[in-house]
Amino acid sequence: GGGRAGGGGGASAGPAAASCGFGDESARLLLSHAQVHCTELWALAPAEREAVCMLWVERRQRALLPQLREACARYERLCTERAELDAEVQLTVLRRQRVIGMTTTAVAKHAAMLRTIGCEVLIVEEAAEVLEAHIVAALSPCTRHLVLIGDHQQLRPATSVHRLAKQFGLDVSLFERLLTRGVQHVTLRTQRRMRPEISQLLAFIYPSLTDHESTEGRGGVAGVRLPVFFLQHSVCEGAMGDARSRTNAHEAAFLAALAHWLVRCGHAAESLTVLTPYCGQLQALRQAFAKVGPQLGGCVLRSVDQYQGEENEVVLLSLVRSNAEGSIGFLGVDNRVCVALSRAKLGLYVVGNGALLRSKRPLWASVLSTLERSGSTGEFLPLDTIRPETGRHALVACAEDFEGLEPRPRDW
């Protein structure tokens with residue numbers, strides 16, 4: 001009808017009207033016609049109905065825009081008031097406390113509140129793993145005493161950019177920096193976690209470490225004749241697909257079989273932890289354990305870095321590296337090795353290429369020499385059971401060697 005006529009100026013009806021082949025004024029006239037003759041709306045062509053619809057939507061949006069702006073401003077104002085009230089409540093509660101505990105992230109988040117409270121003593125636990133900037137951010141003009149507790153011989157702080165750690169020393173904590181500069185400190189020398197056969201492996205790192213009397217006289221590990229053993233092999237490592245992370249299928253299969261054996265001998269799956277320094281090997285271990293069955297579902301499988309600060313009864317350690325190039329990667333970092341060897345309370349079983357490690361790091365040479373003196377290393381792990389076909393104590397070097405073996409009767 002008449003809405004097709006006209007052209008030019010007037011209020012914009014949006015791009016939809018222009019795309020339909022007529023101008024803004026045409027759309028305005030269409031809208032006026034539709035409002036008067038609403039029963040004739042369906043008589044319009046589809047393109048004309050679209051233009052009318054778009055103009056209705058635009059007018060409604062323009063009408064609601066001031067209300068939306070007002071609602072947004074009110075929302076932001078209420079959020080600010082709510083945050084101020086929450087902060088005031090927190091401040092009131094915290095001022096009544098003698099001790100306030102939080103993560104370093106929370107310290108940075110609530111820095112203004114902590115300055116208002118005026119804490120005079122700051123205690124940082126696991127300080128050797130905290131970036132120096134995080135501790136500096138926690139200090140305030142009210143701080144009178146800073147107490148740092150940690151072990152700089154274990155893992156350093158993690159940095160998001162590896163180059164910052166390698167080239168600029170960003171992974172050196174304030175704790176380590178102060179110790180290396182000769183700041184007065186106190187060293188704890190008595191350990192209460194590891195049995196002596198395990199703690200002696202760390203003599204290279206902790207020459208003055210002593211064992212608490214509670215670590216003496218602990219029982220053996222059911223199913224294995226020795227509580228500590230380094231199983232040596234020369235099976236070459238591999239790579240996890242296109243990734244740079246390393247794997248060793250031989251070690252993964254052996255440790256899955258050993259964990260299954262320990263569970264059969266009475267150990268709870270939850271009391272077993274399997275560690276490796278490589279994420280690729282961690283994935284291979286998970287696959288190998290899944291193949292064994294659900295009875296190993298409770299075993300703890302972690303990378304060494306993930307297990308810092310934790311412990312378990314028995315630890316199985318896969319070292320992975322075994323190659324003709326003589327590369328040992330992460331195993332050349334004493335801090336990481338220290339963590340790996342110090343997580344077990346009752347039993348520690350390590351699988352790796354001892355000859356390669358001994359030739360590359362004095363720490364590994366010390367560990368292997370200590371194990372050799374007690375007969376706790378070799379190419380075969382002695383189990384506490386009899387091999388039926390020979391009538392002798394079973395020795396295992398690979399996953400297949402566990403086949404046909406039965407746990408020793410408890411009343412033997």
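What is the volume of the largest pocket? About 1400 Å³, and the legends below take it up along with a few other close-ups of this predicted model.

**Close-up A. The largest pocket and its lining.**
With a volume of about 1400 Å³, the largest pocket has 38 residues lining it. Look for I149, G150, D151, T187 and L188 if you want the ones nearest its centre. Strand 2 (145-149), helix 8 (174-180) and strand 3 (190-191) are the elements that give two or more residues to this lining. Strand 2 has the largest share, with five residues. Sorted by class, the lining holds 16 nonpolar, 14 polar and eight charged residues.

**Close-up B. The second largest pocket.**
Here the space comes to about 1000 Å³. The second largest pocket is lined by 28 residues, and H162, D305, F330, V333 and R336 sit closest to its centre. Helix 7 (162-168) and helix 12 (334-341) each chip in at least two lining residues. The largest share, three residues, belongs to helix 7. As for chemistry, the lining of this second largest pocket splits into ten nonpolar, nine polar and nine charged residues.

**Close-up C. An open sheet of six parallel strands.**
Follow the strands across the sheet and you read the order 9-8-10-11-5-12, with parallel pairing. Strand 9 (300-303) and strand 12 (377-378) are the edge strands; each has a single partner, so one side of each is left without a neighbour in the sheet. Strand 9 pairs with strand 8 (residues 272-276) through four bridges, in the parallel sense. Within that pairing, T276 stands opposite S303 of strand 9.

**Close-up D. Helix 10 against the sheet.**
Helix 10 (residues 249-264) packs on the sheet. The strands that helix 10 touches are strand 5 (228-232), strand 8, strand 10 (312-318) and strand 11 (344-352). Compare directions, and helix 10 makes about 160° with strand 10.

**Close-up E. An aromatic pair, F230 with W364.**
To describe two aromatic rings, you give the distance of their centres and the angle of their planes. The model has four aromatic pairs, and this view picks out one of them. The ring centres of F230 and W364 are 6.4 Å apart and the planes meet at 80°; an angle over 60 degrees counts as edge-to-face, so that is what this pair is. The two partners come from distant parts of the chain, 134 residues apart: F230 belongs to strand 5 and W364 to helix 14 (residues 362-373).

How values were computed
Residues numbered from 1 in each chain as written. Predicted model: local features only at pLDDT ≥ 70, side-chain atom pairs only at ≥ 80, totals over all residues. Heavy atoms only, no water. Pairing = 2+ DSSP bridges. Contact = heavy atoms within 4.5 Å. Axes fitted to C-alpha atoms, helices over the stretch in contact; angles between N-to-C directions. 1 Å grid on protein atoms, 1.4 Å probe; cavity = no way out; pocket = protein on both sides within 12 Å on 5 of 7 lines; lining within 4 Å. Points joined across faces, edges and corners; volume = space filled by probe spheres on them. Nonpolar A, V, L, I, M, F, W, Y, C, P; charged D, E, K, R; others polar. Phe/Tyr/Trp six-rings, centres within 6.5 Å; stacked < 30°, edge-to-face > 60°.
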